[in-house]
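Visitor: Please take me through the aromatic rings of this model, one contact at a time. After that, I would like a look at the sheet.

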Amino acid sequence: IEDTPRIQNERTGLLNAEGLSNALGLRGDNSLRSRRRIKALAATGLVTCVLVIVVGMALPHSSNTLASKTTTEFVGTPDTPPGTNTSLLASAQSEADFHVAAHSIRPSTVWGKYISTEQPLPTGAWWLNLVLDPVRAVAPQPYTVVPSKDGVQICYPQTKGLTTKSKDKILQLFSAQVVVSSQNGDYEGFEIADYDTLSVNVKTTMSNGRYDTYLVRGSPFITVEFKDSDDGTESELKPLLWSYDQVKGFEKGPNYIKLTYQTGEQWAIWSSPAIQWSVKNPGMKGGPKAQIIGRSGYIGVIRVAAVPKPSAFEVLNRHWQTYPISGTLGYSLSGDGNTANFQYRFKSKTLDGEKDVATTEESLYSTKMGYTMGGSGGSSSSSASSYPTAASSSSSSSSSSSSSSS
């Protein structure tokens, strides 16, 4: 309201009738009746305030006030959860009569190394379903994924029949179309190995090795890296990919195998070092209808992707050797506040396709988006570019053969 500065009386801090009438759009009505109506309104409000104060003073006082009874119990003592800011907690306790109690849901072992750190644990991350019980699907998009004792279950929701749309909602069903696991070894569990804004690394531990699944938002691949055990014991894992659909046909290349299911869906699997996959259709009732089996003691990277159309495979096959393992997002605003510069920083590894080596690099991508106010509407513009940074130019390499990520 343009008359706001005139509403409040600077000396008394009380609303006067003239200022209130201006605020209510009655500047043109200077009749005695309007002024009396405004003054009556102000008097009624004043009486109400006095009654509230008197009733409040008459209420019994105790340490268990209504405020303390309805306060959310958000931190815990004496066993304060990891990441609790104890100085902030002490300050809060000194300023108000808060009741402090431990949350009924404690961080599970799925949090891995982060349980023992002092940093706060995220409560709204896009992958938070991983740490809940029971575990539910997470959506890095374009895939949805569920890690389990059966393996890393992968679904491509855009497949016909899995996504339904209405005027009220879009419903995506989860169906494990490809599962990445090991044919041997006992499952011991999974945990969060690393995470940042755009990615989460899920470590699955077996009795004879481990495999890490890199879930990076927007990646057209799901990447699984088979490794030795944490204690240095050599891996004996035998990669196994299976599906509830039978394989109708397949095509093999130097580092890939492309599968066609009975339903017509196509999926492709890349590996480095290359695996000579064997394909079986056991048709187990209530179990896998197809098995794609690797070799024992495998150490390397497997990448899985849906192939929605033939031209998609050509693009995927050109870029499968570089895979992101983390990603962060930053932004800055221009001086006039009309342009935002978003910076996506990805750390990636590039395989040579033959040896068990990868080059680790960092790349920074910048996207500018602007919005200019004025006239009958706004105009927006966006552009994308990549440029080297100090971090990317000094990236470490574990092999002499390397190629830049893009």
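Guide: Arg303 lies over the face of Phe221, 4.0 Å from the ring centre. This is a predicted model. A second charge over a ring involves Lys258 and Phe313. The charged end of Lys258 sits 4.5 Å from the centre of the Phe313 ring.

Stay with Phe313. Its ring also pairs with that of Tyr256. The two centres are 5.0 Å apart. The planes meet at 65 degrees, and over 60 counts as edge-to-face, so the Tyr256 and Phe313 pair is edge-to-face. Tyr256 belongs to strand E12, residues 256-261. Phe313 belongs to helix H6, residues 310-319. The pair thus links distant parts of the chain, 57 residues apart. Both Tyr256 and Phe313 are buried.

The structure holds 12 aromatic pairs. One aromatic cluster is formed by Trp111, Tyr114, Trp127 and Tyr195.

Now the sheet. Six strands make up an open sheet, with antiparallel pairing. Their order is E1-E2-E5-E10-E15-E14. Strand E1 (144-148) and strand E14 (278-280) are the edge strands, and each pairs on one side only. On average, neighbouring strands of this sheet are turned by 20 degrees against each other, direction ignored.

Look closer at E2 and E5. Strand E2 covers residues 151-155, and strand E5 covers residues 178-182. The two pair in the antiparallel sense over three bridges. Val152 stands opposite Val180 in E5.

Key
Residues numbered from 1 in each chain as written. Predicted model: local features only at pLDDT ≥ 70, side-chain atom pairs only at ≥ 80, totals over all residues. Heavy atoms only, no water. Pairing = 2+ DSSP bridges. Helix = DSSP H or I, 4+ residues; strand = E, 2+ residues; numbered from the N terminus. Axes fitted to C-alpha atoms, helices over the stretch in contact; angles between N-to-C directions. Phe/Tyr/Trp six-rings, centres within 6.5 Å; stacked < 30°, edge-to-face > 60°. Buried < 20%, exposed > 50% of the residue type's maximum accessible area, 1.4 Å probe, protein only. Lys NZ or Arg CZ within 6 Å of the ring centre and 35° of its normal.
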